[in-house]
Amino acid sequence: MTYLPKFKVVDIRYLLFLIALILLSCKDNTKSSDSELIHRINAVHEQIMIQGNVTEEEKQAILSLASLFADDSFVNYKSDITDVIQFDDVENGPIYPGCEGLSKQELKACFIESINTFVGTQFNSDISKNLGITEPQDVEVFFKIGRDGKTSKLKVRKANVVIQAEVIRVIKQLPLMKPATQNGEAVEVMCSAVVSYGGNL
């Protein structure tokens with residue numbers, strides 16, 4: 001166990017408090033689920049207070065969890081996707097820089113390949129090593145490309161919380177894209193991609 005300086009323990013308590021406030025402020029009809037989650041957060045907070053220290057892995061997990069709620073990228077994901085056109089249904093999909101001038105089918109392949117390459121080069125490989133991930137892993141990520149070509153509303157499916165936070169951090173850094181169009185007008189589009197991390201990627 002690694003004993004952290006007092007100010008770092010205070011930082012973690014602050015992050016837990018911030019998460020609790022955010023979750024309490026979210027309007028949702030699933031009161032019992034929220035109560036159970038708040039109970040678990042309080043239990044973690046109490047454990048840290050009693051224990052007085054956390055391991056580096058525990059600290060990273062807490063910071064990664066907090067990062068999911070640091071801005072508007074993750075919160076209320078489900079409520080915002082119902083009215084957004086899906087990537088496969090849009091007339092002209094978003095164009096990743098360097099993929100210009102290709103057919104619709106080639107554009108999609110270039111889009112996904114470019115995102116995979118970007119994630120592979122930007123993903124912090126130390127995280128995989130610290131988690132003992134020695135073989136390449138795949139994870140599905142969902143995100144919206146807005147009318148302005150910016151990426152938002154991210155969600156990562158079926159992954160360790162530390163991996164989720166890192167994938168989201170990297171996807172947030174995607175370059176500005178040419179937005180998708182429908183009937184000649186820029187539109188928001190919901191995209192998904194299976195990205196790889198870990199191992200020797």
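A helix, here, is a DSSP run of H or I with at least four residues, and helices are numbered from the N terminus. The legends below describe a predicted model.

**View A. Helix α7 and the salt bridge between Arg169 and Glu166.** In this pair, the closest N and O atoms are 2.6 Å apart. Both residues belong to helix α7, which covers residues 161–172, and their spacing of 3 residues separates them by about one helical turn. Their exposure is given by relative accessible area: Arg169 is partly exposed at 34%, whereas Glu166 is buried at 6%. The helix is mostly covered, with 9 of its 12 residues buried. Among these buried residues are Val162, Ile163, Val167, Ile168 and Ile171, together with Gln164. At 1.5 Å a residue, the 12 residues of α7 should span 16 Å, and the end C-alpha atoms are indeed 16 Å apart, in agreement with that expectation.

**View B. The salt bridge between Asp88 and Lys108.** The search of the whole structure returns 4 salt bridges, one of which joins the side chains of Asp88 and Lys108 at 2.5 Å, N to O. Asp88 is placed in the loop between β1 (85–86) and α5 (104–122), and Lys108 in helix α5, so the pair ties together parts that are 20 residues apart in sequence. Asp88 is exposed, its relative accessible area being 54%. Lys108, at 31% relative accessibility, is classed as partly exposed.

**View C. Glu188, Lys144 and Arg147 in a network of salt bridges.** The side chains of Glu188 and Lys144 form a salt bridge of 3.4 Å, N to O. Glu188 lies in the loop between β5 (185–187) and β6 (189–197), while Lys144 is part of strand β2 (residues 137–145); the pair therefore ties together parts that are 44 residues apart in sequence. Lys144 is buried, with a relative accessible area of 9%, and Glu188 is partly exposed at 25%. Arg147 is linked with these two residues in the network.

**View D. The largest nonpolar core and the surroundings of Phe143.** This core contains 36 residues, and those with the most contacts inside it are Ile115, Phe143, Val167 and Ile171. The elements giving two or more residues to the core are α5, β2, β3, α7 and β6. In soluble globular proteins, nonpolar side chains tend to be buried together. With neighbours within four places in sequence set aside, the contacts of Phe143 include Phe111, Ile115, Leu154, Ile171, Leu174, Val189, Met190 and Cys191. Thr151, Ser152 and Lys153 are also in contact with Phe143.

**View E. Thr151 and Lys153 in strand β3.** Strand β3 covers residues 151–157 and includes Thr151. Thr151 is buried, with a relative accessible area of 16%. Leaving out residues up to four places away in sequence, Thr151 touches Phe143, Lys144, Ile145, Ile171, Leu174 and Met177. Lys153, in strand β3, has a relative accessible area of 6% and is buried. The phi of Lys153 is near 50 degrees, a positive value in a residue other than glycine.

**View F. Asn183, with a positive phi, in the loop between β4 and β5.** Most residues other than glycine have a negative phi. The phi of Asn183 is about 55 degrees, although this residue is not a glycine. The loop that holds Asn183 connects β4 (180–182) and β5. Asn183 is exposed, with a relative accessible area of 67%.

**View G. Model confidence, from helix α4 to strand β5.** The mean pLDDT of the protein is 75, and 70% of the residues score at least 70. Among the elements, helix α4 (residues 77–81) has the lowest mean pLDDT, at 47, and β5 the highest, at 94. Across residues 26–33 the pLDDT stays under 50, and the model has 2 contacts beyond four places in sequence for this stretch. Residues 72–81 likewise have a pLDDT below 50; this stretch makes 21 contacts in the model beyond near neighbours in sequence.

Conventions:
Residues numbered from 1 in each chain as written. Predicted model: local features only at pLDDT ≥ 70, side-chain atom pairs only at ≥ 80, totals over all residues. Heavy atoms only, no water. Buried < 20%, exposed > 50% of the residue type's maximum accessible area, 1.4 Å probe, protein only. Expected span 1.5 Å × (residues − 1). Contact = heavy atoms within 4.5 Å. pLDDT = per-residue confidence, 0-100. Core = buried A, V, L, I, M, F, W, Y, C linked by side-chain atoms within 4.5 Å.
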